[in-house]
Amino acid sequence: MSTLKVDGIRSNSASSDAITLASDGTCSANITNNLSNRNIIINGGMTVSQRNGTTATAVTSTQQYTLDRMVGSNNSDAAFTVAQSSTAPNGFANSLKVDVTTADTSLSAGNYGQIIYYVEAQDLQQLAFGTSSAKASVLSFYVRSNKTGNYGVAALQNDNSSKLVSFQYTINSANTWERKSIVIPADTSGVINNDKGRGFDIHFGFASGTTYSSGSLRSSFTTYADGDLYAGQGVNLFDSTSNEWYITGIQLEVDHTGSGKPTDFEFRSHAQELDLCKRYFQVLAKGTNEYLGHGHGWGTAQAECVLRWDKEMRTTPTIDSANGTNYFGMGISNGYVYFNVWYGYNLTAKSGLLYKNLLSGFVNGSSYRAYTNNASAYLYLNAEL
């Protein structure tokens, strides 16, 4: 038996080693595919859209969830919608589509349009920020637009006074999918708390006034300043209602090899992706004739329904209930009671009580079927960051 002793292995045409061997008998490899549990981003392939399905939704605020885990943010005189789209690069089924519906050709200083992803701090502990072993990470994504030019992307480190790094990427060819990658540097003095709060805020800008674009790009984490968020943003996607912007395949992974290169996008099954999303948002019921379970009458004037959630949530959720005439019902063999809305009581990350008071017609202690009674009825649990 013989031993081959080398320090590294590389292709004839490569400029760096594919495999690097260390003196202690270990090695590191620049592998670009098929490693599991790499992608810190949830729903990066845009396959889950619990709230709206494929329906385009107008973004009218600075904090509005659209597809699961993806926040639309609009602070401008323009208007745009966000939808789950089937336009996607090869190998992908979906993307997030931004469609401008009201143009603004001259942005005011404080205007912007952006998509944000909030990364839970617990999921970033492997970066070891604040230690001498802090690691860089690689952010990659597929993007497409009819509007070529320079766009801004930034990462905010919330637990350390919102320290910021900011970068540009360029869409070179109109209506063509392009994969972009950015190295988010290590921060040996940084802080990412081991908790359920926000660790990174990742911002993708597509329109920005001078308040947020007149500063300088940041290649290392430094104190946040508005002007550096989208420094040098060259594109105003809002300048025409013909403009569209798509993104998918968002991946954030630890740069274990120090190569600064992204690995192939990690595809998870739809069931896995949906399960991960339910930590932050769950649909209890949506549409007509959906059953919540068995409820009961608490006295003659209050409806109650005790539930355990499909998935333990990040924190105690809030109840988001539609509110409309007779949107919900409680049924028993000899009659029905209808009401407009559900409220939550003693909710936890795992379970809770739904109730509606100031009603009449219940039989105290009797069991009822709890259900939706209108196509516009919905009942959501929200534990988003």
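**Exercise 1.** In this predicted model, work out whether Ser 137 is buried or exposed.

*Solution.* Start with the number: Ser 137 has a relative accessible area of 1%. Buried means under 20%, so Ser 137 counts as buried. Next, place the residue: Ser 137 sits in strand β10, which covers residues 137-145. Then look at who surrounds it. Skipping neighbours within four places in sequence, Ser 137 touches Leu 127, Phe 200, Ile 182, Val 183 and Ile 184, and also Leu 252, Glu 253, Val 254 and Asp 255.

**Exercise 2.** Find which side chain meets Arg 51 in a salt bridge, and say where the two partners lie.

*Solution.* The whole structure has 12 salt bridges. In one of them, Arg 51 pairs with Glu 384 at 2.7 Å, N to O. Arg 51 belongs to the loop between β3 and β4, while Glu 384 is in the segment after β26, 333 residues apart. Now check burial: Arg 51 comes out at 11% relative accessibility and Glu 384 at 10%, so Arg 51 is buried and so is Glu 384.

**Exercise 3.** Track down the salt bridge between Glu 384 and Arg 69, and say what parts it ties together.

*Solution.* The Glu 384 and Arg 69 side chains meet at 2.7 Å, N to O. Arg 69 is in the loop between β5 and β6 and Glu 384 in the segment after β26, so the pair ties together parts 315 residues apart in sequence. Both residues are buried.

**Exercise 4.** Decide whether Lys 278 and Asp 310 are buried or exposed.

*Solution.* These two form a salt bridge at 3.2 Å, N to O. They sit in separate loops, 32 residues apart. With 18%, Lys 278 is buried; with 58%, Asp 310 is exposed.

Terms used. Residues numbered from 1 in each chain as written. Predicted model: local features only at pLDDT ≥ 70, side-chain atom pairs only at ≥ 80, totals over all residues. Heavy atoms only, no water. Helix = DSSP H or I, 4+ residues; strand = E, 2+ residues; numbered from the N terminus. Buried < 20%, exposed > 50% of the residue type's maximum accessible area, 1.4 Å probe, protein only. Contact = heavy atoms within 4.5 Å. Salt bridge = Lys/Arg side-chain N within 4 Å of Asp/Glu carboxyl O.
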